[in-house]
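Student: Could we go through this structure step by step? I would like to see how each answer is reached.
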Amino acid sequence: MATGNPSDSSGSLTKEELAAIEDEDVLNKMLDNAKNFEDRSIIRAALRDLLRRKIDKRKEERGERQADLKQQNKAAASGGGRPTFNQQRSTKQEIALTLSNKTTSPSADLPQKSPTAAAPNAKNVKQMLLDWCRAKTEPYEGVDIQNFSSSWKDGIAFCALVHRFFPDAFEYSILNPNKPRDNFQLAFSTAERLAGCPSLLDPDDLVRMHEPDWKCVYTYIQEFYRCLVEKGLVKTKKRP
């Protein structure tokens, strides 16, 4: 192989060194600029391995999230009280703090509520998150969010919420409310790809239900919100 910058070709890198590269864009650029068959074959192999590792990692994370969600629903069904979800507590605090503070900066991407002396309870947090969803999707035709169940049954509300933050990901105007499975799949796959939000909900399960389970929808929206916060797409006001 020819020597040179790793971004221009595989250079003198060995298979082991290529395997240590975790940036897909770097490998793709090396593949585009590779000059001979041997170089391209080795880079392709490294790229395939990297993609396989990423897929395995996403599957593992998704499995953990789904296990947590099932445990939550099982505990709720058995009357064990309101179970917690990974990072649900911190998510509630972020939502409550941002939504309940009237002095949030203009860049804060959240609806505003009057401050209260005491920290909002779970019911208030749920309502504030619902208000946030309603505010984000208000401009979208065909969306009227009133709850975390029937308002989401055709998948259009999920698509609208995701589209609000990733408007270039898909064409919202061509979505069909009579194809809920396609809408669920589009929203969840886009949220996972662009926001890093695991697909906690199964489109096939949602389609089989008369109405989505509000606890499942609520948990998914919390997770989506948390991912947006981590990416800086939703601004939160920190406690002093």
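Student: At what angle do the axes of helix 6 and helix 9 cross?
Tutor: This is a predicted model. Helix 6 covers residues 156–165, and helix 9 covers residues 214–230. Their axes come within 12 Å. They cross at roughly 5°.

Student: Are helix 6 and helix 9 roughly parallel or roughly antiparallel to each other?
Tutor: Start from the crossing angle, roughly 5°. Angles under 35 degrees count as roughly parallel. Helix 6 and helix 9 are therefore roughly parallel.

Student: Which residues of helix 9 make the contact with helix 6?
Tutor: Take the helix 6 side to begin with: F158, L161, V162 and F165. Across from them, helix 9 contributes V217, Y220, I221, F224 and L228.

Student: How many of the residues in that contact are nonpolar?
Tutor: Sort the contact residues of helix 6 and helix 9 by type. None is polar and none is charged. The nonpolar count is nine.

Student: Which helix supplies the largest share of the largest nonpolar core?
Tutor: This core has 43 residues. Those touching the most other members are W132, F148, W152, F158, Y220, I221 and F224. Helix 5, helix 6, helix 7 and helix 9 each supply at least two residues of the core. The largest share, ten residues, comes from helix 9.

Student: Which residues does I221 contact, leaving aside its neighbours within four places in sequence?
Tutor: I221 is one of the core residues that touch the most other members. I221 also belongs to the contact between helix 6 and helix 9. With those sequence neighbours set aside, its partners are L129, W132, C133, F148, W152, F158 and L161.

Student: How many residues are in the second, separate core?
Tutor: Its members include M30, A34, I43 and L47. The full count for this second core is eleven residues.

Student: In the salt bridge of R134 with D131, which residue is buried?
Tutor: The closest N and O atoms are 2.9 Å apart. Both residues lie in helix 5, three residues apart, about one turn of the helix. R134 has 28% relative accessibility, so R134 counts as partly exposed. At 12%, under the 20% cut-off, the buried residue is D131.

Student: How far apart in sequence are the parts that R181 and D204 tie together?
Tutor: Their side chains meet in a salt bridge, 2.6 Å from N to O. R181 lies in helix 7 and D204 in helix 8, so the pair ties together separate parts. R181 is partly exposed at 36%, and D204 is partly exposed at 32%. The parts are apart in sequence by 23 residues.

Student: What is the N to O distance in the salt bridge of K215 and D213?
Tutor: Look at the two partners. K215 is partly exposed at 22% relative accessibility. D213 is partly exposed too, at 25%. Their side chains meet, N to O, at 3.3 Å.

Student: Which residues do salt bridges with shared partners join into one network?
Tutor: The count of salt bridges comes to seven. Some share partners, and these form one network. Its members are E223, R226 and E230.

Student: How many helices does the protein chain have?
Tutor: The chain has 240 residues, and 40% of them count as buried. Read along the sequence, the pattern is α-α-α-α-α-α-α-α-α. Strands number zero. The helix count is nine.

How values were computed:
Residues are numbered from 1 along each chain as its sequence is written. This is a predicted model: local features need pLDDT of at least 70, side-chain atom pairs count only at pLDDT 80 or more; totals for chains, interfaces and linings use all residues. Side-chain values use heavy atoms; hydrogens and water are left out. Axes are lines fitted to C-alpha atoms, for helices over the stretch in contact, and angles run from 0 to 180 degrees between N-to-C directions. Helices (H or I, at least four residues) and strands (E, at least two) are DSSP runs, numbered from the N terminus. Angles under 35 degrees count as roughly parallel, over 145 as roughly antiparallel, 65 to 115 as roughly perpendicular and the rest as oblique. Contact means heavy atoms within 4.5 Å. Ala, Val, Leu, Ile, Met, Phe, Trp, Tyr, Cys and Pro count as nonpolar, Asp, Glu, Lys and Arg as charged, and the others, Gly among them, as polar. A nonpolar core is a set of buried Ala, Val, Leu, Ile, Met, Phe, Trp, Tyr and Cys residues joined through side-chain atoms within 4.5 Å. Buried means under 20% relative accessible area, exposed over 50%, partly exposed in between (1.4 Å probe, protein chains only). A salt bridge is a side-chain nitrogen of Lys or Arg within 4 Å of a carboxyl oxygen of Asp or Glu.
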